[in-house]
Amino acid sequence: MAVAYQHQIETISRRLRELRRERGYTVQELAYRCDMERSNVSRIEAGRANPTLRTLCTLCSALDVPLSELLR
């Protein structure tokens with residue numbers, strides 16, 4: 001079952017890392033902006049977490065991008 005959506009999680013993880021780096025944020029800084037633990041952001045970026053829609057929206061807000069930008 002997990003294999004069915006693993007590609008999408010990897011795509012989101014990769015895009016999140018790209019957007020964070022484009023803005024010059026460290027993982028710690030993004031986590032701070034989202035009021036999240038650094039380890040949670042790291043797991044999402046590594047594709048080892050399945051973030052909720054609320055978490056994705058929080059990350060997008062901190063990165064100042066629409067959700068569609070993260071999902072493309």
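Student: In this predicted model, how many residues does the largest nonpolar core have?

Tutor: The model is a predicted one, and its largest nonpolar core includes Leu-16, Leu-30, Leu-59, Leu-63 and Leu-70 as the residues with the most contacts inside it. Helices H1 (3–22), H2, H3 and H4 (53–63) are the elements that each give two or more residues to this core. Counted in full, the core has 17 residues.

Student: Which element gives the largest share of this core?

Tutor: The elements to weigh are those that give two or more residues, namely H1, H2, H3 and H4. The largest share amounts to 5 residues, and the element that supplies it is H4.

Student: Which residues does Leu-63 touch, not counting residues up to four places away in sequence?

Tutor: Leu-63 is one of the residues with the most contacts inside the largest nonpolar core. Once residues up to four places away in sequence are set aside, the residues that Leu-63 touches are Leu-16, Leu-19, Arg-20, Arg-23, Tyr-25 and Leu-30.

Student: Are H2 and H3 roughly parallel or roughly perpendicular to each other?

Tutor: Helix H2 covers residues 27–34 and helix H3 covers residues 38–45, and the two pack with their axes 8 Å apart at an angle of about 110 degrees. Angles of 65 to 115 degrees count as roughly perpendicular. H2 and H3 are therefore roughly perpendicular.

Student: Which residues in H3 are met by residues in H2?

Tutor: The crossing of the two helices, H2 and H3, is right-handed. On the H2 side, the residues that take part are Val-27, Gln-28, Leu-30 and Ala-31, and on the H3 side they meet Arg-38, Val-41, Ser-42 and Glu-45.

Student: Is Glu-45 buried or exposed?

Tutor: Glu-45 lies in helix H3, and, leaving aside its neighbours within four places in sequence, Glu-45 is in contact with Ser-13, Leu-16, Arg-17, Arg-20 and Val-27. Its relative accessible area is 6%, and a residue under 20% counts as buried. Glu-45 is therefore buried.

Student: What is the phi of Asp-35, which is not a glycine?

Tutor: Most residues other than glycine have a negative phi. Asp-35, placed in the loop between H2 and H3, counts as exposed at 73% relative accessibility. Although Asp-35 is not a glycine, its phi is positive, at about 55 degrees.

Student: Where does Asp-64 lie?

Tutor: Asp-64 is not a glycine, yet its phi is positive, at about 60 degrees. With 68% relative accessibility, Asp-64 counts as exposed. Its place in the chain is the loop between H4 and helix H5 (67–71).

Technical notes
Residues numbered from 1 in each chain as written. Predicted model: local features only at pLDDT ≥ 70, side-chain atom pairs only at ≥ 80, totals over all residues. Heavy atoms only, no water. Axes fitted to C-alpha atoms, helices over the stretch in contact; angles between N-to-C directions. Helix = DSSP H or I, 4+ residues; strand = E, 2+ residues; numbered from the N terminus. Parallel < 35°, antiparallel > 145°, perpendicular 65-115°, else oblique. Left-handed = near helix turned anticlockwise from the far one by under 90°. Contact = heavy atoms within 4.5 Å. Core = buried A, V, L, I, M, F, W, Y, C linked by side-chain atoms within 4.5 Å. Buried < 20%, exposed > 50% of the residue type's maximum accessible area, 1.4 Å probe, protein only.
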